[in-house]
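Visitor: I am new to this structure and would like a close look at a single part of it, the surroundings of the ligand. Could you take me through that part with care?

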Amino acid sequence: MAFSISAKVSAFTGAKVNATRAQKARRANVAVKAQGTDYGLGLQMSTTADKNIDPNGRAKVPLEMEKMELPLNTYKNKEPFVGTIRSVERIVGPNATGETCHIIIEHGGKMPFWEGQSYGVIPPGTKVNSKGKEVPHGVRLYSIASSRYGDSYDGLTATLCVRRATYWDPEMNAEDPAKKGICSNFLCDAKPGQEVMMTGPTGQVMLLPKDPATPVIMVATGTGIAPMRSYLRRFFLEDIPSWEFKGLAWLFMGVANSDAKLYDDEFQEMVKRFPDQFRIDYALSREDTNKNGGKMYIQDKVEEYKDQVFQLLDGGAHMYFCGLKGMMPGILSMLEGVCKEKGISYEEWLEGLKKNGQWHVEVY
Ligand code: FAD
């Protein structure tokens, strides 16, 4: 790997400071009065690190799963797999914008996947299509938020990170339940033991680099954190001797406010255990301001570290983007601006990254 030690050190200076600041912010938020909408799970945030991280260090996993070929479309619409809900928890605080749930699904080892892949979910029920015919609901895709070993490290479950899609009626100034998202609400309302029809796994765009020494830069907004969490659990929580992560992992995460952070308790534990290898920088659009005094969006945060990011990419780092489609135009125009500043051709730079397989985008 061609990046210099000095790049590594400068890129990671301040990681501990960030961790302390984030912990303080989290503590401060516990006292905030509940203002969100209670959809049945309550308004408090469930933590996950205490349930899903082995306190003794890296967890043992069934290593035979390392030999598995990339599974693709093992289950299709016509013959879906029937998984079982193990748990559904709200993982955002009372003042988050919307509700996001951590959903563990049991597949009993029958629906294995690689980190970075997605599952399809077919919600129960029917709809009337454009021809007036009653047909089953279509499949919706969800990035898998656990590694192949699942949150319990046995390869028998998979985790989804689902944001409940709601519809805000501006005229009524209220949510219209008739227009709420079908599948996300089905998943967030599901009870343990309930069955879920699933397809897949699918996706090859977000797979990890083969070489575990490759630095990985992750840029996520909202539930775009799902694939990143799957990587980070593989990097830092699992004992995989044949694929021990030796690179740098740098996560840029954009959400509206501190209450909307996802899996921060897990990430802070990882930073504590691997301060030289893992760094996380947040862009909290409704709390922080960018250098021009405007809202701090994800591209503003990445831009703050443009030199380190470009240096890491020059040295072969892979960059992953996941979240809502709307995040990409701002990021791309920021990168174009940085290229201009540096006197390099943006088109050639981006084309080079794509050609080398360093550029991974999954937005929806
Ligand atoms: P739908 O029922 O499909 O409705 C879509 C939207 O339309 C909703 O916002 C709904 O409120 C609104 N709506 C419904 N009726 C009306 C109406 N009459 N007028 C106006 N608006 C209306 N999502 C995640 O949460 N987590 C993930 O990890 C994730 N990963 C994804 C990965 C990929 C590769 C892709 C393609 C998508 C991913 N998604 C993810 C998005 C997910 O697939 C769904 O699109 C999302 O959950 C919404 O589906 P739904 O069935 O709840 O909403």
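**Around the ligand**

Guide: In this predicted model, strand S6 gives the most to the shell around the ligand, contributing four residues. The shell counts 19 residues, and those that come nearest to the ligand are Leu141, Tyr142, Lys179, Cys183 and Ser184. Two of these residues also take part in polar contacts through their backbones: an oxygen atom of the ligand lies 2.6 Å from a polar backbone atom of Leu141, and an oxygen atom of the ligand lies 2.7 Å from a polar backbone atom of Lys179. With Thr223 the side chain is involved, since an N or O atom there is 3.5 Å from a nitrogen atom of the ligand. On its own the ligand has 980 Å² of accessible area, and the protein covers 67% of that. The elements that supply two or more residues to the shell are strand S6 (140-143), strand S7 (157-163) and helix H4 (182-189). Sorted by class, the shell holds nine nonpolar residues, together with five polar and five charged ones.

To place this part within the whole, the protein chain has 10 helices and 15 strands. Its radius of gyration is 20 Å, close to the 21 Å that the globule rule gives for 364 residues, so the chain is as compact as a globular protein of that length. Buried residues account for 52% of the 364 residues in the protein chain, and of the contacts between residues at least 6 apart in sequence, 77% join residues at least 24 apart.

Notes:
Residues numbered from 1 in each chain as written. Predicted model: local features only at pLDDT ≥ 70, side-chain atom pairs only at ≥ 80, totals over all residues. Heavy atoms only, no water. Near = heavy atom within 4 Å. Polar contact = N/O pair within 3.5 Å; in protein donor to acceptor, adjacent residues only side chain to side chain. Areas by Shrake-Rupley, 256 points an atom, 1.4 Å probe, with all protein chains shown as cover. Nonpolar A, V, L, I, M, F, W, Y, C, P; charged D, E, K, R; others polar. Rg over C-alpha atoms; globule rule 2.2 N^0.38 Å. Buried < 20%, exposed > 50% of the residue type's maximum accessible area, 1.4 Å probe, protein only. Contact = heavy atoms within 4.5 Å.
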